[in-house]
Amino acid sequence: MKNNKSIIVGIVIIIAVCIITVGCGFYNLLKAKDFQEYFGALGYTISDKETPKYETDTYLVATKEDMPFKIEYYEFKDETEAKKVYKKYKESIVDYITTDSKNKETTGAVLSKMVAVSDNEYIIISRVKNTLIFIAGTKDYQSQIDSLLEEIKY
């Protein structure tokens, strides 16, 4: 009987470690409709008429008059396409930075996130499964950008 309890406890510990390691349950897959509703409720204007930098199935841009940045949302047919565009944005981050930057990347089984901070810029590329959000903002708006992304778990 004690052996069975030890085995069950061991299995529970292994499962818990796996969940914590890959981040299961700690992300939020934001669909296009959710993006529109969330940012629309915050007073952002949502457009689907702009041309995306990269080929995608769905491209939405959220802008607000008092914010000097836009929030770009991409939704792809599959995760592989999202990973490819994430990589392209990551490689072209120098196009958005005017000085040296400190870049921090976090990756997991279903998400990737790059944060680039320079003297002036604050840039985030955040991918969850088959979606990607890109924000090229300024350091002055770092806390607002972080709050927005924290709220939607990106």
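This text goes through the overall layout of the chain and then looks at its last helix.

The structure is a predicted model. The protein chain contains four helices and seven strands. Following the sequence from its start, the elements come in the order α-α-β-β-β-α-β-β-β-β-α. The pattern thus opens with two helices and ends with one.

Some totals describe the chain as a whole. Of its 154 residues, 35% are buried, where buried means under 20% relative accessible area. The accessible surface comes to about 9300 Å², and carbon and sulfur atoms account for 53% of that surface. Contacts can also be sorted by separation along the sequence. Taking contacts in the chain between residues at least 6 apart, 45% join residues at least 24 apart.

Helix α4 shows how burial works out in one element. It spans residues 142-151, and its buried residues are I145, L148 and L149. Why do the buried residues of α4 line one face of the helix? Viewed down the axis of α4, they fall within an arc of 90°, so they share one face. The general rule is that an α-helix has 3.6 residues a turn, so residues three or four places apart point the same way.

What covers the buried residues of α4? The cover includes the helix α2 (32-41) and the strands β3 (71-75), β6 (121-128) and β7 (131-138). On the face of α4 turned away from the buried side sit E150 and E151, which are exposed. After α4 comes K153, which has a positive phi, near 60°.

Terms used. Residues are numbered from 1 along each chain as its sequence is written. This is a predicted model: local features need pLDDT of at least 70, side-chain atom pairs count only at pLDDT 80 or more; totals for chains, interfaces and linings use all residues. Side-chain values use heavy atoms; hydrogens and water are left out. Buried means under 20% relative accessible area, exposed over 50%, partly exposed in between (1.4 Å probe, protein chains only). Contact means heavy atoms within 4.5 Å. Accessible areas come from the Shrake-Rupley method with a 1.4 Å probe; for residues, only the protein chains shown count as cover. The arc is that of the directions from the helix axis to the C-beta atoms.
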